[in-house]
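Biologist: I would like a close look at a single part, the annotated domain you would start from, and then at what surrounds it. Please keep to what the model can support.

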Amino acid sequence: MLCLQVSTAGYGKIEDIVTRMQDDKTGGVPIRTVKSFLSKIPSVVTGSDIVQWLMRNLSIEDTGEAIHLGSLIAAQGYVFPISDHVLTLKDDGTFYRFQAPYFWPSNCWEPENTDYAIYLCKRTMQNKARLELADYEAENLARLQRAFARKWEFIFMQAEAQVKIDRKKDKTERKILDSQERAFWDVHRPVPGCVNTTEMDIRKCRRMKNPQKVKKSVYGVTEESQPQSPVHMPSQPVRKTTKEDFRKQITFLNMQIERHCLKMSKVAESLIAYTEQYVEYDPFITPAEPSNPWISDDVALWDIEMSKEPSQQRVKRWGFSMDEVLKDPVGRDQFLRFLESEFSSENLRFWLAVQDLKKQPLQDVTTRVEEIWQEFLAPGAQSAINLDSHSYEKTSQNVKDPGRYTYEDAQEHIYKLMKSDSYARFLRSSAYQDLLLAKKKSLFALRSSPECVSVTSSFPCKLPEEQVLVSC
Amino acid sequence: MCDQTFLAIVFGPCDKCSKEKPLRPVYIKSEQLSYCSLCVEMMATEGLRENETLASLKSEAESLKGKLEEERAKLHDVELHQVAERVEALGQFVMKTRRTLKGHGNKVLCMDWCKDKRRIVSSSQDGKVIVWDSFTTNKEHAVTMPCTWVMACAYAPSGCAIACGGLDNKCSVYPLTFEKNENMAAKKKSVAMHTNYLSACSFTNSDMQILTASGDGTCALWDVESGQLLQSFHGHGADVLCLDLAPSETGNTFVSGGCDKKAMVWDMRSGQCIQSFETHDSDINSVRYYPSGDAFASGSDDATCRLYDLRADREVAIYSKESIIFGASSVDFSLSGRLLFAGYNDYTINVWDVLKGSRVSILFGHENRVSTLRVSPDGTAFCSGSWDHTLRIWA
């Protein structure tokens with residue numbers, strides 16, 4: 001059986017709670033021996049006592065939440081009902097017992113079927129009604145007998161040995177240990193239909209601290225080598241920090257120290273302002289009009305959004321920032337049409353062309369860089385954009401080694417220019433204002449234009465319902 | 001024999017050039033070394049850099065870290081939740097499961113929304129990747145990957161393709177067609193190759209580029225057509241578990257989170273790490289940008305979610321409770337950024353008030369760990385995927 005050492009941060013919190021729960025010096029749950037019909041039930045606590053403790057000590061206001069947490073603690077194997085295989089917590093007089101630390105999940109048990117076979121075999125040797133195998137256990141035993149047919153004698157002998165050892169123990173102690181052992185198997189071989197809490201996220205379980213596989217049997221049984229489970233991937237060797245690593249760190253830290261940062265008060269104001277501006281657009285806070293399709297089963301909201309006429313609310317959003325206009329295909333188109341009407345659309349078209357360039361497959365990049373140069377930047381270009389001489393120089397150099405970021409510098413300049421010039425004019429325009437006040441239908445009806453090209457895709461597919469128009 | 005006093009000269013391999021020569025003791029930052037005379041000369045003329053030892057570099061880094069913390073602390077004049085006291089409290093929320101998607105035969109590990117606001121792609125431990133119209137709950141496409149544990153999947157911006165990967169260490173792109181006898185696996189394109197499992201993938205704002213994160217500790221940007229590596233991102237000290245692209249029309253950055261407890265912000269163009277945050281106590285399973293792009297949230301195995309602001313360059317909020325002791329696997333913001341939805345390994349989803357730092361709601365329903373959670377593109381709902389084999393749409 002392999003031993004996995006996962007980071008203890010995974011179990012630390014839950015084990016801390018379970019330890020506190022049992023500590024009677026600091027207000028733990030009342031664990032007592034209960035007198036039952038003919039005998040005594042040692043070391044138990046009621047479900048409701050556990051629920052109460054959780055609520056008091058973990059500041060839980062809702063009983064349901066406490067029961068859910070308690071059930072998880074049980075399902076993980078830290079506490080268990082003494083008369084049930086199903087590990088869940090009930091808020092009533094049902095009796096529970098705490099699991100022995102030996103069996104805690106943090107010991108990374110991954111018991112093999114041989115151990116389980118020994119356990120089930122052992123159970124059949126004990127002549128007590130309450131220890132009778134449940135149906136699923138009997139089925140498991142039958143399956144294991146078939147699988148281990150050849151070494152069943154060995155398993156039987158191990159079970160016998162266990163029973164002998166157990167008989168020597170004190171009666172009360174045996175009751176407790178038997179129940180804890182049963183609870184251990186309820187975690188590792190759960191009742192069919194119950195969650196197996198020992199399942200691990202494969203991304204986490206490969207970080208083994210102990211590369212030499214430590215085989216550990218619950219019953220101390222030594223076996224010939226077991227093949228390594230295919231689930232475990234080899235762990236990464238831990239790299240020691242080198243001089244180069246430290247030099248990089250120092251450069252990085254110096255860069256961070258140079259960085260101009262904002263005060264928390266400013267940052268808080270900014271975050272608050274943003275949420276306040278957008279709260280009316282957040283369907284979780286401001287119910288969507290006419291309705292939220294998921295709640296009403298009516299897609300009217302989506303149909304409206306697909307239509308060519310934007311709602312007032314949508315138009316208002318374009319005024320929040322230029323990014324909002326550029327993000328919304330309808331807004332982008334309105335912006336473009338407005339600029340075309342003023343014969344000043346070259347900046348926006350350049351910006352859109354560069355965005356499109358960055359979306360191209362690598363093999364098409366060089367051609368597109370050339371096309372953009374010809375259209376927007378070459379001397380005598382048809383749609384000459386206005387770049388300052390420094391940016392123009394830099395861009396001309398970049399074009400000699402064409403790539404997706406050739407026009408990055410130019411694009412940044414044009415973006416800033418648009419923001420202060422074109423965008424501001426657009427918001428003041430009657431076209432925009434009319435839409436905003438829903439005075440009349442948009443003057444710039446969307447239509448297919450011969451010089452516009454839809455976003456290319458190398459896969460044949462169903463075209464999205466909105467045409468994304470890009471000039472080039 | 002002459003009884004002269006000789007200078008005791010040690011003869012042996014020089015600590016610098018390894019040649020067998022007479023050696024002289026040399027003291028470099030309180031460490032004693034033995035150099036030959038030539039190396040002593042060279043040392044005298046070389047810059048300070050060459051004389052640095054591992055210890056001196058380490059202490060320099062430590063002192064810079066201290067200085068950085070000092071500088072940042074000067075700007076920490078108030079807490080976010082204090083300023084947010086003036087903000088109106090949120091009302092009671094009624095969030096319910098509106099759709100349950102059943103069809104996966106094993107743990108659901110990842111999901112992503114299509115831009116059309118209703119279709120989703122999901123992947124599971126048994127290798128199945130399914131495309132659903134989650135509004136009608138109909139399955140539209142399905143493909144079985146050749147590996148188990150498909151931990152990452154993504155929908156292309158055009159809605160015409162999906163990407164996925166996991167234990168195969170690759171990210172593959174599948175075009176979606178509506179042909180009658182569709183064999184999705186036939187048109188599969190292998191794009192990314194890592195040396196360990198693929199933990200996350202995302203298309204950039206184009207079908208032509210994919211960003212990936214891997215258990216090999218790196219992130220990478222790939223050209224889909226050619227499969228060529230465009231840029232790689234090195235810096236995490238352990239597996240990278242998640243990534244998210246900045247929501248800007250002009251930005252070229254993304255954030256990643258890993259098992260080294262760090263969240264790192266990267267420049268896609270240069271491959272450099274721009275900012276780094278290390279305040280979690282355990283693995284960061286999920287990172288997601290605040291809608292304005294100025295901040296991002298993280299979910300971790302330390303049972304907390306945190307908010308980091310890029311302009312303040314620090315953690316600005318922690319979302320935690322004494323009663324939440326299981327790791328947060330997946331986080332996402334509502335459209336305005338006021339709410340943070342977080343899925344946990346205790347089978348629940350907690351809804352946090354991002355500004356005030358308090359929990360607004362706890363959602364029960366899943367019967368095993370919540371492994372993935374995303375808000376829909378228009379914010380009308382969010383989808384959660386779980387180890388209980390189902391996906392749920394909540395609104």
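**The RGS region and its surroundings**

Modeller: Over residues 321–436 of chain A the chain is 74% helix and 0% strand, and its end C-alpha atoms lie 15 Å apart. The model is a predicted one, and every value here is computed from it. The UniProt record, an unreviewed entry, gives these residues of chain A as "domain: RGS". A separate division of chain A yields domain 1 (8–106), domain 2 (113–203) and domain 3 (286–437).

The second largest pocket is a good place to look closely. It holds about 670 Å³ of space. Its lining has 29 residues, and those nearest its centre are D323(A), S248(B), S292(B), G293(B) and D294(B). Two or more lining residues come from each of helix 10 (264–278), helix 14 (322–327) and helix 19 (408–420) of chain A, and from strand 20 (273–277) of chain B. The greatest contribution is that of helix 10 of chain A, which gives five residues. By residue class, the lining of this pocket has 12 nonpolar, 10 polar and seven charged residues.

Helix 10 of chain A is followed by a loop that deserves a check. This loop runs between helix 10 and helix 11 (293–296) of chain A, and P290(A) lies in it. The peptide bond leading from E289(A) to P290(A) is cis, with omega near 0 degrees.

The other annotated part of chain A makes a useful contrast. UniProt, again from an unreviewed entry, places "domain: DEP" at residues 25–100 of chain A. Over those residues the chain is 33% helix and 24% strand, with 19 Å between the end C-alpha atoms. In the domain division, the C-alpha centres of domain 1 and domain 3 of chain A are 61 Å apart.

Helix 2 of chain A covers residues 47–57, and its buried residues are G47(A), I50(A), V51(A), W53(A), L54(A) and M55(A). Just after that helix, S59(A) has a positive phi of about 50 degrees.

Helix 3 (63–76) of chain A leads to an enclosed space. There are four cavities of 30 Å³ or more, and the largest has a volume of about 70 Å³. Its lining takes in residues from both chains: E65(A), H68(A), L69(A) and L72(A) on one side of the list, and S323(B), I324(B), D346(B), T348(B), R359(B) and I362(B) on the other. Helix 3 of chain A and strand 28 (359–363) of chain B each supply at least two of these residues. The largest share, four residues, belongs to helix 3 of chain A. The lining of this cavity divides into four nonpolar, three polar and three charged residues.

Since chain B contributes to both spaces, its own build is worth setting out. Chain B has 395 residues, of which 61% count as buried. It contains three helices and 31 strands. Taken along the principal axes, the C-alpha atoms of chain B fill a box of roughly 105 × 55 × 40 Å.

Strand 5 (residues 108–113) of chain B shows how enclosed a strand of this chain can be: six of its six residues are buried, so it is largely enclosed by the rest of the structure. Five bridges join strand 5 of chain B to strand 6 (residues 119–124) of chain B, and the two run antiparallel. Within this pairing, D112(B) stands opposite V121(B). The hairpin has five residues between the strands, and K117(B) there takes a positive phi near 75 degrees.

Two loops of chain B carry a positive phi as well. N169(B), which is not a glycine, has a phi of about 65 degrees. N169(B) belongs to the loop between strand 10 (161–165) and strand 11 (170–175) of chain B. With 21% relative accessibility, N169(B) counts as partly exposed, because the buried class ends at 20%. K261(B), also not a glycine, has a phi near 70 degrees. K261(B) lies in the loop between strand 18 (253–258) and strand 19 (263–267) of chain B. At 34% relative accessibility, K261(B) counts as partly exposed.

Notes:
Residues numbered from 1 in each chain as written. Chains lettered and ligands numbered in written order. Predicted model: local features only at pLDDT ≥ 70, side-chain atom pairs only at ≥ 80, totals over all residues. Heavy atoms only, no water. Buried < 20%, exposed > 50% of the residue type's maximum accessible area, 1.4 Å probe, protein only. Pairing = 2+ DSSP bridges. 1 Å grid on protein atoms, 1.4 Å probe; cavity = no way out; pocket = protein on both sides within 12 Å on 5 of 7 lines; lining within 4 Å. Points joined across faces, edges and corners; volume = space filled by probe spheres on them. Nonpolar A, V, L, I, M, F, W, Y, C, P; charged D, E, K, R; others polar. UniProt positions renumbered as here; feature names shortened; annotations may be inferred. Domains from an automatic or database assignment.
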